Amino acid sequence: MIEIKDLYFAYRNNVVFNGSSFTLEDHPVTALLGQNGEGKTTFMKLLLGLLKPDKGEILLDGLDLGKLNEEKRSKLLSYVPQENDDSLIMGVSDFICLGGINRQGLLKGPDENDRIRAKQILTDLGASSFFDRRLETLSHGQRRLIYLARAIFQDSRIMVLDEPVSSLDLIRQHDFLRLLKEYTNKGKRILMSLHDPSLAYEYADAFVFFKDHRPFAVLSKNDPSFKERFLQAISELYDNRIRPEYIDGHLFLNCEQINK
Amino acid sequence: MKISKKLLFAYSFLFICFSLSLLIGRYELDLTTLWSVLSGRQSGTMAANVFYNVRLVRSVEVLLCGMALAVSGFLYQSCFHNPLVSPDTLGVSGGASIGAIIAILYFHDAFLLRQAFSFLGGILAVLFSLLLSRLIGTQKRLNLLLSGIITGALTNSAVMTFKYLADPVTQLAVIDYWLMGSFSLINRSKLLHTAVIIMPVLFLTVLFRYRLKILLLDEDEAQTLGVNVRRLYLLCIALATLLTAASVSVSGIVSWIGLLAPHIVSLLFQTSFEETLLLSMPVGAAILLLSDTLARSLTASELPVSIITSFAGALILFFFLFLRRRRDI
């Protein structure tokens, strides 16, 4: 359970959180929804400790995340950023093993067990052939998998992903999210931002809607009358310019023409 | 190729260059004389004197400086995510030049003072760059790089002012010679002073190689992997700065080695961070040994070593890039 208490944060003149308080219950997959620039990435960075709140605190199961150092926090939270650094030159297995940098000790590199684990993770992701490859020879989509593999290697309790599928083609988006969903079977938790509400509906269990720099709705699939409230939230999110509907248990979105 | 093989290859090459540097020079030593000197049968002779007091001291110093410059270049390139960065990015060379020039102009170029002043000058320049980047704020890596450029410009302007004020007959030539780098004034105590800095710093760098590797990653990523990036970043700058300052303070400014060695390694062998670090050392040392040998044997009077390193460096880099292009097609 993540509790956000009275959170204030601003970039210079741009106020993002102005005293927000909300609670994320413990669900396998939580999706953050909202248009660009509404505070999803900022929220994730505050959670990860990459940004410091101006005021307020974020508690994970009662533990104040702001009081933890990098090493302790890395055991609780791992991160797959939105952009991969395409200029990075490194072997794939070396890169994945960096996920365990603190377990490997200050002066040692990955050992044989680390390599075996890295290979196993890649095999589980259906990408074992990448193990001996180099990062710079992989495509953008393939690299997303390697970043995911590193986060899995890190073995933290919650994995935070920023728009993990925005650069993937349609089939790969589903493949990627399915892999994430399977990962939660081992008791791990996923928190990610997504652009596409229908993907979120398909794969997530709980939803946070961001608008005007503030989470205006927090829903879970277990809530009473969840389906209606979810539709309402989407309509509100897009100023009624999107008409969502359920067909055969899936969510479909119709976008209205702009200049009517 | 396995790392052990690559290292064997690189260190064999270094061994050959080191031997050449011991044998070639104004006073010719051949292999048989060298053997008898080494086995102690020539003590007190001219050959032994040249070998122990001149040739060996100088070659070891060149070897150390070559390793130091190569590693510091590689460290800076890694921590700034920029392959074009060289050991004097943060103003080390500029600061060291000012220190050396002050010693030359105002302290009668006293024994060891020049070395001490230029070492301190180099360190101070880097601290100044760090302070500037602190004042500019956010975007740490880019800011520090820009601060280094500002420091470089300031020190450059100061160096030109000093040169303008210097006595053209006696002092200017000494300054210019220093700015072009040379190992001709090496003696045992200078060697000792550089070795006590360079050897432990190289050792620490190699020891922490798996940790320093994290600097290749984006700062946010590194932090979420559980690393205090800021501390690591400062460690890297401290190591690289000590290496450069120690080397520059004894030889003057030797250009190109820090840029060239890591690039040759990564063009020759496809390597990881820690391998490039280990291989840059012998490669940098070998190039500098060859350059220094050429500098002192090409002409009747000794050439400044940067003339050779810049010229050869440009040629070698082009050669390797050309080879790679051919291979890609």
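**Exercise 1. In this predicted model, find what share of the contacts in chain B with a separation of 6 or more comes from residues 24 or more positions apart.**

Step 1: Set aside contacts in chain B with a separation under 6.
Step 2: Among those that remain, pick out the pairs 24 or more positions apart; they account for 75%.

**Exercise 2. Describe the elements and overall build of chain B.**

Step 1: Start with the elements: chain B has 14 helices and 0 strands. Read from the N terminus, every element in the run is therefore α.
Step 2: Turn to the extent. The C-alpha trace of chain B spans about 65 × 55 × 40 Å along its principal axes.
Step 3: Check the radius of gyration. For chain B it is 20 Å, and the globule rule gives 20 Å for 329 residues, so chain B is as compact as a globular protein of that length.
Step 4: Look at burial: 47% of the 329 residues in chain B are buried.

**Exercise 3. Which residues touch the most other members of the largest nonpolar core, and what surrounds one of them?**

Step 1: The core holds 147 residues, and A:Leu33, A:Phe207, B:Ala68 and B:Val71 touch the most other members.
Step 2: Take B:Val71 and leave out residues up to four places away in sequence. Its partners are then B:Leu202, B:Thr205, B:Leu243, B:Leu277, B:Ser280 and B:Met281.

**Exercise 4. How many residues of chain A are in contact with chain B, and of which classes are they?**

Step 1: Count both sides: 23 residues of chain A meet 17 residues of chain B.
Step 2: Locate them. Helix H2 (70-76) and strand E6 (77-80) of chain A are the elements giving two or more residues to this side.
Step 3: Sort the chain A side by class: 11 nonpolar, 7 polar and 5 charged residues.

Key. Residues are numbered from 1 along each chain as its sequence is written. Chains are lettered from A and ligands numbered from 1 in the order in which they are written. This is a predicted model: local features need pLDDT of at least 70, side-chain atom pairs count only at pLDDT 80 or more; totals for chains, interfaces and linings use all residues. A nonpolar core is a set of buried Ala, Val, Leu, Ile, Met, Phe, Trp, Tyr and Cys residues joined through C-beta atoms within 7 Å. A residue is buried if 20 or more other C-beta atoms lie within 10 Å of its own, exposed if 12 or fewer, and partly exposed in between; C-beta atoms are placed from the backbone. Two residues are in contact if their C-beta atoms, placed from the backbone, lie within 7 Å. Helices (H or I, at least four residues) and strands (E, at least two) are DSSP runs, numbered from the N terminus. Ala, Val, Leu, Ile, Met, Phe, Trp, Tyr, Cys and Pro count as nonpolar, Asp, Glu, Lys and Arg as charged, and the others, Gly among them, as polar. The radius of gyration is taken over C-alpha atoms; the globule rule is 2.2 Å times the number of residues to the power 0.38.
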